[in-house]
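Visitor: I would like a close look at a single part of this structure, taken slowly and with its surroundings in view. Please walk me through one strand and what lies around it.

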Amino acid sequence: MAKQARVSLFEIGDDFLRAGFGARTARIACHREDNVLVVKLDSVEAWENGEEISLDELNRLCALIERECDERELEVEFE
């Protein structure tokens, strides 16, 4: 059986972004400084459903954020 691709989500708001995979999404504090998206990783502890985010999942979220910012021609800075 073929493995299904996971659908990713990425939305940038005024002071937060939402990113995730499938049904799991996280709301992450951020702000923009010109063409740089500053992402505050210390605000990430759990998925929106309350489940804790593992280190592996956090790394995947960071990779997703970097990829999506590249597509939007934004630089990304993690704090």
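Guide: What follows is a walk along one strand and then outward to its neighbours. The model is a predicted one, and the strand I have chosen is β3, which covers residues 24-33.

Let us begin with Thr25, which lies in this strand. Thr25 has a relative accessible area of 9% and therefore counts as buried, since the cut-off for that word is under 20%. Its side chain is joined to that of Glu48 by a polar contact of 2.7 Å, and a further polar contact, of 3.4 Å, links the side chains of Thr25 and Arg18. Once residues up to four places away in sequence are set aside, Thr25 touches Leu9, Arg18, Ala19, Gly20, Trp47 and Glu48.

Another residue to look at is Arg27, whose charged end sits over the ring of Phe16, 3.6 Å from the centre of that ring. A similar arrangement can be found at Arg60, where the charged end sits over the ring of Phe21 at 4.0 Å from its centre. Pairs between aromatic rings, on the other hand, number zero in this structure.

Now follow the strand to its partner. β3 and β4 pair in the antiparallel sense over four bridges, and one of the links to β4 is that between His31 and its bridge partner Val38. The hairpin of these strands has two residues between them, and in this hairpin Asp34 takes a positive phi near 55 degrees.

β4 in turn pairs with strand β5, residues 75-78, in the parallel sense, again over four bridges, and Leu37 has Val76 as its bridge partner in β5. In a regular strand the side chains alternate between the two faces of the sheet. In β4 both faces are covered, with Val36 and Val38 buried on one side and Leu37 and Val39 buried on the other.

Finally, consider the interior to which the strand contributes. The largest nonpolar core has 18 residues, and Leu17 and Ile65 are those with the most contacts inside it. At least two residues of this core come from each of β2 (16-21), β3, β4 (36-39) and α1 (55-71), while α1 supplies the largest share, five residues. In soluble globular proteins, nonpolar side chains tend to be buried together. Ile65, leaving aside its neighbours within four places in sequence, is in contact with Phe10, Leu17, Ala19, Ile28, Val39, Val76 and Phe78.

Terms used
Residues numbered from 1 in each chain as written. Predicted model: local features only at pLDDT ≥ 70, side-chain atom pairs only at ≥ 80, totals over all residues. Heavy atoms only, no water. Buried < 20%, exposed > 50% of the residue type's maximum accessible area, 1.4 Å probe, protein only. Polar contact = N/O pair within 3.5 Å; in protein donor to acceptor, adjacent residues only side chain to side chain. Contact = heavy atoms within 4.5 Å. Core = buried A, V, L, I, M, F, W, Y, C linked by side-chain atoms within 4.5 Å. Phe/Tyr/Trp six-rings, centres within 6.5 Å; stacked < 30°, edge-to-face > 60°. Lys NZ or Arg CZ within 6 Å of the ring centre and 35° of its normal. Pairing = 2+ DSSP bridges.
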